[in-house]
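Trainee: I am new to this structure and would like a close look at a single part of it. Could you walk me through the place where the metal is held?

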Amino acid sequence: MNLDNINKKLKEMLTEGRFEHSLNVAKCAEKLCDIYDCDKEKAYLAGMVHDCAKCLNEKQVEDYVEKYEIYLDPLEENNLALSHSAIGSYIAEYELGIKDEDIINSIKYHTTGREEMSILEKIIYIADLIEEERKFPAADELRKLAYAGELDKAILTSFNNTLKYVIENDELIHTRTVSARNYMMQEMSL
Ligand SMILES: [Fe+2]
Ligand SMILES: [Fe+2]
């Protein structure tokens, strides 16, 4: 499927606001490619598609999970804020015809991060948080770091912010984020 057709499909699947966000993430990811020497076409596509499962209703989630035999861990089950990444990676591959594994993984891990993220995975993870319409208090700090060539530091800061947030708000944390954070800290201290 070419980009025009993918965009058409995304417009059907997403709210207007979510489509705008995806466009902003794609543009931001493309810009970051100049700094981090990554393929702009791939980054743009990954940015456009990363939230393709974000606006599904319960029935659609059930249908996709059944159709593609998607494994959702206990934290992801009944939690679209987490599961849209995994479900979206299947939609990208099987409904939108995206075969590139790096793009698929950047969709799959854009919410939690993971150990040993590729450059593209890191770019999509951070672009999701710093695209121009993101106004949450820590976004500016992440933006500065990411555009100053400090991608790993930006991502570690975001993992730490997430950990602090979930503790303060008495929420569950996905273990993948904990592992990703520890991995990144160890990497950076080498
Ligand atoms: Fe997302
Ligand atoms: Fe997003």
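Mentor: Happy to; here is a walk through the metal site, one ion at a time.

A word on the basis: this is a predicted model, in which local features need pLDDT of at least 70 and side-chain atom pairs count only at pLDDT 80 or more, while totals for chains, interfaces and linings use all residues. Residues are numbered from 1 along each chain as its sequence is written, chains are lettered from A and ligands numbered from 1 in the order in which they are written, and side-chain values use heavy atoms, with hydrogens and water left out.

Let us start with the iron ion (ligand 1). Its protein donors are Asp51 (OD), His84 (NE2) and His110 (NE2), which lie 2.1 Å from the ion. Donors here are N, O and S atoms within 2.8 Å of the metal (3.2 Å for Na, K and Ca), and since water is not among the atoms, sites may look incomplete. Along the chain, the donors of ligand 1 follow the spacing D-x32-H-x25-H. His84 sits in helix H5 (residues 80-95), and His110 in the loop between helix H6 (101-108) and helix H7 (119-130), so this pair ties together parts that are 26 residues apart in sequence. Helices are DSSP runs of H or I with at least four residues, numbered from the N terminus. Both His84 and His110 are buried, a word that stands for under 20% relative accessible area, using a 1.4 Å probe and protein chains only.

Now move across to the iron ion (ligand 2). The two iron ions, ligand 2 and ligand 1, are 3.5 Å apart, and Asp51 coordinates both. Asp51 lies in the loop between helix H3 (40-49) and helix H4 (58-67), while Asp128 is in helix H7, so that pair ties together parts 77 residues apart in sequence. Coordinating ligand 2, at 2.2 Å, are His21 (NE2), His50 (NE2), Asp51 (OD) and Asp128 (OD). In sequence, these donor residues are spaced H-x28-H-D-x76-D.

What arrangement do the 4 donor atoms around ligand 2 make? Their angles run from 82 to 176°, which makes the arrangement irregular. For four donors, tetrahedral needs all angles between 85 and 135 degrees, and square planar needs opposite donors over 155 degrees apart and all others between 65 and 115; anything else is irregular.

Finally, look at how covered the two aspartates are. Asp51 has 2% relative accessibility and so counts as buried, and Asp128, at 8%, counts as buried too.

Notes:
Helices (H or I, at least four residues) and strands (E, at least two) are DSSP runs, numbered from the N terminus. Buried means under 20% relative accessible area, exposed over 50%, partly exposed in between (1.4 Å probe, protein chains only). Four donors count as tetrahedral if all angles lie between 85 and 135 degrees; four count as square planar and six as octahedral if opposite donors are over 155 degrees apart and all others between 65 and 115; anything else is irregular.
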